[in-house]
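Student: I should like to learn how to read features of a protein model. Where should one begin?

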Amino acid sequence: MVVVTSEPREDNFKRVIKRSYSDDSESEVARKKIKTEGEKKRRVKREQKEEEEAEEYEWWRDQNGDKDDTIRWTQLEHQGVLFPPEYVPHGVPILYDGEKVYLEPEIEELVGFFAALLETEHGANPTFQRNFFNELKLLMSKSKRKYPIKEFSRCDFRPMYEYFQKQKEEKKQMSKEEKAALLEERKMIEEKYGYCILDGRREKVGNFRIEPPGLFRGRGAHPKTGCYKRRVRAEQITINIGKDAKIPEPPKGSKWGNVIHDQTVTWLAMWKENVNDNTKYVFLAAGSSLKGQSDLKKYEKARELKKHIVRIRKDYMAALTSSDGKTRQRATALYLIDRFALRAGNEKGDDQADTVGCCSLRYEHVTFEDGKVVFDFLGKDSIRYYNKVEVHPAVYRNLVSFQRAAKTPGNLLFSLINTVELNKHLSSLMPGLSAKVFRTYNASHTFQQELEKQDVTPASSIHELTLAYNRANRQVAVLCNHQRAVAKNFSGQLSKIADRLMGLRYECRRHIDLLKPNLTDLSLADRAKYDLAPFEQACRDDPDRPITTEWLYSYFADLLTKDIERLEKKKASDATQSNLDSIEEKLASLSSELSTLNSKKEALSSSKSSKPYIPEMYRLTFNSIDKSFSTIQRLYTRIVATKTALVDKDENKTTALGTSKINYIDPRITVSWCKKFDIPVEKFFPKTLREKFKWAMHADKNFKF
DNA sequence: CCGGTCACTTAGAAAGAGTCCA
DNA sequence: TGGACTCTTTCTAAGTGACCGG
């Protein structure tokens with residue numbers, strides 16, 4: 001969709017045009033493109049003009065290469081972290097064997113964490129349930145009170161769940177003023193904790209909120225999912241801050257665990273989480289100079305790989321047939337990492353979900369079919385990687401032999417190498433090179449290529465350009481296997497669109513049938529003006545979903561039902577004495593048609609009447625050639641739009657475009673493309689991404705990755 | 001070399017905000 | 001006009017890879 005919806009966006013657009021599109025005449029087209037759209041769609045008005053136009057430090061302008069990059073800052077001031085509110089008991093019981101059980105606050109809190117997730121996948125996950133229940137039993141055993149609770153299956157958390165639902169509902173029903181007050185409060189907090197002073201500049205802090213307690217929500221088959229993630233106290237937190245800065249005040253009655261002044265790291269605070277013993281950090285926001293610098297560095301490193309890639313590929317291709325087993329394994333792994341954008345695959349512990357990357361692939365993760373290799377394994381976040389691919393014969397032979405050597409499921413395919421070794425080898429080929437650089441390189445490179453392949457010109461509409469961009473984006477997302485859960489009601493949504501499309505096709509066809517006989521008397525030249533061929537093509541039946549009489553009856557029944565609803569509403573809301581009669585009359589005829597239709601439908605199976613019945617109010621009458629023709633044109637446009645929407649939706653159902661846009665595609669490719677095609681970068685980078693990619697916004701229109 | 005630690009990037013889910021459409 | 005749907009932001013889990021000490 002092409003929508004310029006609100007004031008700020010329009011504002012941004014103008015500013016970006018002014019700031020980074022130096023040639024004014026060129027931006028004229030783009031401005032026009034936006035203007036009409038903007039005028040048409042703009043509705044919501046919001047004040048908020050600021051968006052901090054403060055004289056910004058443009059760090060990317062003075063990158064004098066190799067400064068000491070172990071020191072990350074010289075001045076650092078911040079306000080510390082924000083703790084979640086203390087627990088407030090609600091006193092809602094759970095049921096055990098149907099009997100109410102009231103819980104002391106600490107236990108009630110824990111149980112509440114579970115009750116809130118009752119209707120989610122976590123709540124239904126046996127591991128999650130078991131881990132949670134063990135935690136609960138532990139807490140109960142430590143309590144002075146005696147609880148009757150012994151078995152999970154005899155618990156009923158519904159009362160608490162329903163209580164939470166009710167609360168959510170109430171929150172939704174809050175008055176405007178209350179909501180505004182809440183927002184104000186949030187703003188105040190952000191103002192205080194959301195910023196720090198870094199080398200004299202005010203920069204945004206990312207996650208200054210301490211993670212609230214809850215149940216650990218591990219992904220996939222994580223053995224610890226459902227474990228109690230405890231409340232974090234000031235005593236567990238280490239603050240990192242400038243020597244001269246004022247140390248932030250810990251909550252009353254508490255002390256920071258530690259305060260350090262480490263200039264070689266970028267975090268402001270750190271603590272250890274209790275479930276997996278992982279370290280959690282408070283970092284600056286993605287749009288900060290520190291993050292921006294390393295982002296730029298990442299892409300520059302990937303571009304550096306461009307200069308070496310031919311040699312490196314030659315190198316590992318040759319090594320595929322090395323007599324040394326280790327070398328052969330390394331080369332094969334590199335081939336997979338380079339060709340299929342696999343992750344390195346560090347080894348993992350037993351207390352984590354069983355997921356793999358390249359080096360940790362096992363016997364069972366590859367099979368061989370029709371001369372191709374099938375990869376099927378769970379990768380990061382337990383996302384399934386399934387790919388049936390053709391590979392170089394040497395790679396095929398190697399994989400077969402590695403698998404044979406592994407003998408049985410559970411054993412490593414690449415038994416002689418690991419990520420450390422692989423990366424060591426890579427860094428010997430190019431300084432700073434590691435496995436993950438290939439993902440960045442291939443993603444950005446693919447994106448640029450795909451974008452060039454697209455059949456668009458600067459004259460193309462915004463819609464076409466957006467489509468082209470997203471297609472290229474999608475190629476990258478597929479390459480990197482970035483997935484998302486299929487939306488809850490996806491198939492319903494799909495068939496809804498498909499149904500709408502069928503309706504449009506039908507309407508288009510009957511209008512064509514109506515018009516056609518009227519064209520025969522026209523002169524040949526005139527007839528050419530009303531060429532129906534493309535429209536006839538468009539409204540041809542989808543072979544998978546032909547228009548049957550049965551469908552037709554449902555279609556009209558649907559139309560009738562909707563019309564009736566509309567009229568009923570009208571009757572209820574603004575019926576006056578004068579129009580009440582006509583409304584009633586219409587209603588009566590509609591419902592009589594509806595019952596006629598229903599009985600016709602009933603009779604369908606028995607009698608095979610050839611001509612479907614059409615309710616009177618939906619029969620068409622011919623008016624004029626021009627009118628009829630323009631109706632067909634309109635319908636055609638809608639058919640085409642609906643068709644693309646359908647294809648797009650289906651292709652997008654499991655592919656997540658965001659991850660590659662945020663992490664893998666050099667933003668300068670997008671910026672330069674936007675400049676070349678005269679389309680505002682806002683179309684592809686929402687506010688936070690523009691913030692994150694500030695450093696890329698002035699990329700030249702001839703920028704090449 | 002190896003295992004552990006540390007710091008950082010990358011990831012999908014969930015929450016929240018905005019928009020669309022009947 | 002409000003409820004469904006979509007897009008954006010936030011949240012925090014899950015990776016990568018360097019380094020360190022034995």
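Tutor: Let us begin with burial: a residue is called buried if its relative accessible area is under 20%, and exposed if that area is over 50%. Please keep in mind that this model is predicted.

Student: Is Y664 buried or exposed?

Tutor: Y664 has a relative accessible area of 14%, so Y664 is buried. An unreviewed UniProt entry places the feature "active site" at Y664.

Student: Where does Y664 lie, and which residues does Y664 touch?

Tutor: Y664 belongs to the loop between α20 (658–663) and α21 (667–676). Leaving aside residues up to four places away in sequence, Y664 touches Y299, R439, T440, A443, S444, C480, H482 and T659.

Student: How should one read aromatic pairs?

Tutor: Two rings pair if their centres lie within 6.5 Å, and planes over 60 degrees apart make the pair edge-to-face. By this rule the count is 36 aromatic pairs. In one of them, the ring centres of Y335 and F340 are 6.5 Å apart and the planes stand at 75°, so this pair is edge-to-face. Y335 and F340 are both buried.

Student: Which parts does the pair of F535 and F629 tie together?

Tutor: F535 and F629 form an edge-to-face pair, with 5.8 Å centre to centre and 65° between the planes. F535 lies in helix α16 (residues 533–538) and F629 in helix α19 (residues 625–652), so the pair ties together parts that are 94 residues apart in sequence. Both F535 and F629 are buried.

Student: Which residue has its charged end over the ring of Y195?

Tutor: The charged end of R202 sits there, 3.7 Å from the ring centre of Y195.

Note on methods. Residues are numbered from 1 along each chain as its sequence is written. Chains are lettered from A and ligands numbered from 1 in the order in which they are written. This is a predicted model: local features need pLDDT of at least 70, side-chain atom pairs count only at pLDDT 80 or more; totals for chains, interfaces and linings use all residues. Side-chain values use heavy atoms; hydrogens and water are left out. UniProt positions are given in the numbering used here, feature names are shortened, and annotations may be inferred rather than shown by experiment. Helices (H or I, at least four residues) and strands (E, at least two) are DSSP runs, numbered from the N terminus. Buried means under 20% relative accessible area, exposed over 50%, partly exposed in between (1.4 Å probe, protein chains only). Contact means heavy atoms within 4.5 Å. Rings of Phe, Tyr and Trp (its six-membered ring) pair if their centres lie within 6.5 Å; planes under 30 degrees apart count as stacked, over 60 as edge-to-face and the rest as tilted. A charge sits over a ring if NZ of Lys or CZ of Arg is within 6 Å of the ring centre and within 35 degrees of the ring normal.
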